[in-house]
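Subject: Structure handover and notes

Hello,

Here is the structure I said I would pass on. My notes on what was found in it follow below.

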Amino acid sequence: MSLDKLKLSKPLVAAMTDAGFLTPKEIQAKTMSRILGGQDVIAVGPEGAGKTTTYVLATLMKLKYAFEEAPRALILVPDADHVDHVLEQFKLLNRNNTFRILGIDSRGAVDTQMNEITDGCDIIVAVPDRARALYLKLALNTNKIQLFIVDNAELIIKKGLQLPVVELAKSAYKSQHVVFTEVMHEKFNHMVSPFMKDSTATIEVDEIGEKQAEVYQQMLYQVPNFRTKLNLLTLLMSDVEFFDKVVVFVNTRLTAQTVYKNFNHTNDEEFTIYRSLFFDDKGYDDIEDFKENPNSRVLIVANENLEDLDITGIPFIIHLELPEQKETLIQRIVKHGDEEVVAITFSTDIELIEVKKIEQAIGQRMDVMELPDDLKIVDAASKPKKKKSEEEEDNSERGAAFHEKKASNLKNYNYSAGTKAKMTYKNKKGLS
């Protein structure tokens, strides 16, 4: 497809060509006509898909003429680095400086930024909290906003900036709304639902890189929070026959202690910790000792200050938390010889961004697993429960993930978490 198919102005086509963009990317081809047509759009695509260039082009096309007092496009991004990046893209394509573009973030003084806005600008690129502060000081007039854009929405949510976004979007009630993100999840839907129209188009570009290496079977459990992760881990580990030798990775040694203490230690050797902070915990300083002890089933390992760890020969690798560097996880899941290993990742909504980056890097999607029927999902926003009865106290001692099943779940054909994982694993391998 040529750039002409995007129906851009001749100056923009020339600017794109000079910048080395000779053909439109998939996300541009799928969203440009809708944005130019005035429709609200949610565009989902990985890093490098061309999201920024898409809305820069659309903004320059939509505004048509410049030099009005109040801004007509407001672009919200997560941080100052993203402000700089977007300004560079505008500089690249706004060749004749047709539009006055202003970057707003915490690096500038509020009073100075107020003066810059009141002097007149056409497009504002800003971080949400600073834009909101200027709006509340009556410096940022949102009445003339025609195009309200949120970029890298997943990072804005990760920084906890949803409320400024919603408030600004509602204030620009006459505008068209366009949101770009790498992932969609419950927190994302909660942020955009107050201002996106019912006719909103959702466009997804599922670009995946070429397969880089052979990796172990990948399974992904999506859960709302860390407490539910612990409940799920406890539930999975209750299948003793299936999960016979497991390494569980977390990020810090303090988290490792939390996970270790979470288990009901009826067998002092069954659940262990690698290089524990406390001398009285059952653990190992050498992973080979863990491998050789048949009574030790689960080893909890912290990524913090961790040197190379030889996990060959261990059939289950669980990442309870995603490491800071995706390469750390990738190195552990690269296949060695004919080893049959299952790699399981637990992810909250916020961590899905990193999951997507890992999938892009290995060129393969993780298999999303159904959560077990008897998993206790913790609602972080719920009120504290009343004091437990003696019977409930007895039940809670059986493990953090235990709770009485609902009547609808009292079925003799409900599979255990381990059995479900085993069935999925065999299906992927083509085994009967």
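A residue is called buried here when its relative accessible area is under 20%, and exposed when that area is over 50%. Phe290, with a relative accessible area of 0%, therefore counts as buried. Please keep in mind that this is a predicted model.

The eight-stranded sheet

Eight strands make up an open sheet, in the order S11-S10-S12-S9-S13-S14-S8-S15, and the pairing is parallel. At its edges are strand S11 (283-284) and strand S15 (367-368), each of which pairs on one side only. As general background, strands of a sheet pair through backbone hydrogen bonds, either parallel or antiparallel.

Strand S9 (residues 246-250) is a useful place to start. Five of its five residues are buried, and the strand is mostly covered. Val246, Val248 and Val250 point one way from S9, while Val247 and Phe249 point the other way.

S9 has strands on both sides in the order given above. With strand S12 (residues 298-302), S9 pairs in the parallel sense over five bridges. Within that pairing, Val246 stands opposite Val298, and Val248 has Ile300 as its bridge partner. With strand S13 (residues 316-319), S9 also pairs in the parallel sense, over four bridges. There, Phe249 stands opposite His319.

A β-α-β unit

Strand S3 (residues 101-104) and strand S4 (residues 123-126) run parallel and are joined by four bridges. Leu102 in S3 stands opposite Ile124 in S4. Together with helix H5 (residues 110-118), S3 and S4 make a right-handed β-α-β unit.

The side chains of S3 alternate along the strand. Leu102 and Ile104 point to one face and are buried, whereas Ile101 and Gly103 point to the other face and are not buried.

Gly120 lies in the loop between H5 and S4. Is Gly120 buried or exposed? Its relative accessibility is 14%, so Gly120 counts as buried. Gly120 is 18 residues away from Leu102 along the chain, and the C-alpha atoms of these two residues are 9.5 Å apart.

Aromatic pairs

The structure holds eight aromatic pairs. One of them, Phe263 with Phe271, is stacked, at 4.1 Å centre to centre and with 10° between the planes. Both Phe263 and Phe271 are buried.

Tyr284 and Phe290 form an edge-to-face pair, at 6.0 Å centre to centre and with 65° between the planes. Tyr284 counts as buried because its relative accessibility is 9%. Phe290, as said at the start, is buried at 0%.

Ring pairs also link Phe242, Phe243 and Phe316 into a cluster.

Cavities

How many cavities of 30 Å³ or more does a search of the whole structure find? The search finds two. The second largest cavity holds about 30 Å³ of space. Its lining consists of Arg253, Ala256, Gln257, Ile273, Tyr274, Arg275, Ser276, Leu277, Ile300 and Ala302. Ile300 is also the bridge partner of Val248, as noted under the sheet.

Helix H11 (253-262), strand S10 (271-274) and S12 each supply at least two residues of this lining. H11 gives the most, with three residues. By class, the lining of the second largest cavity has six nonpolar, two polar and two charged residues.

The second largest pocket

The second largest pocket has a volume of about 480 Å³. It is lined by 25 residues. Those nearest the centre of the pocket are Leu306, Leu309, Thr328, Gln331 and Arg332. Helix H13 (residues 326-333) gives the most to the lining of this pocket, with three residues. By class, the pocket lining has nine nonpolar, nine polar and seven charged residues.

Where to look first

If time is short, begin with S9, which pairs with S12 over five bridges and with S13 over four. Then turn to the unit made by S3, H5 and S4, and after that to the ring pair of Phe263 and Phe271. The second largest cavity and the second largest pocket can be left for the end.

Regards

Definitions and conventions:
Residues numbered from 1 in each chain as written. Predicted model: local features only at pLDDT ≥ 70, side-chain atom pairs only at ≥ 80, totals over all residues. Heavy atoms only, no water. 1 Å grid on protein atoms, 1.4 Å probe; cavity = no way out; pocket = protein on both sides within 12 Å on 5 of 7 lines; lining within 4 Å. Points joined across faces, edges and corners; volume = space filled by probe spheres on them. Nonpolar A, V, L, I, M, F, W, Y, C, P; charged D, E, K, R; others polar. Buried < 20%, exposed > 50% of the residue type's maximum accessible area, 1.4 Å probe, protein only. Pairing = 2+ DSSP bridges. Right-handed = clockwise from strand over helix to strand, strands pointing away. Phe/Tyr/Trp six-rings, centres within 6.5 Å; stacked < 30°, edge-to-face > 60°.
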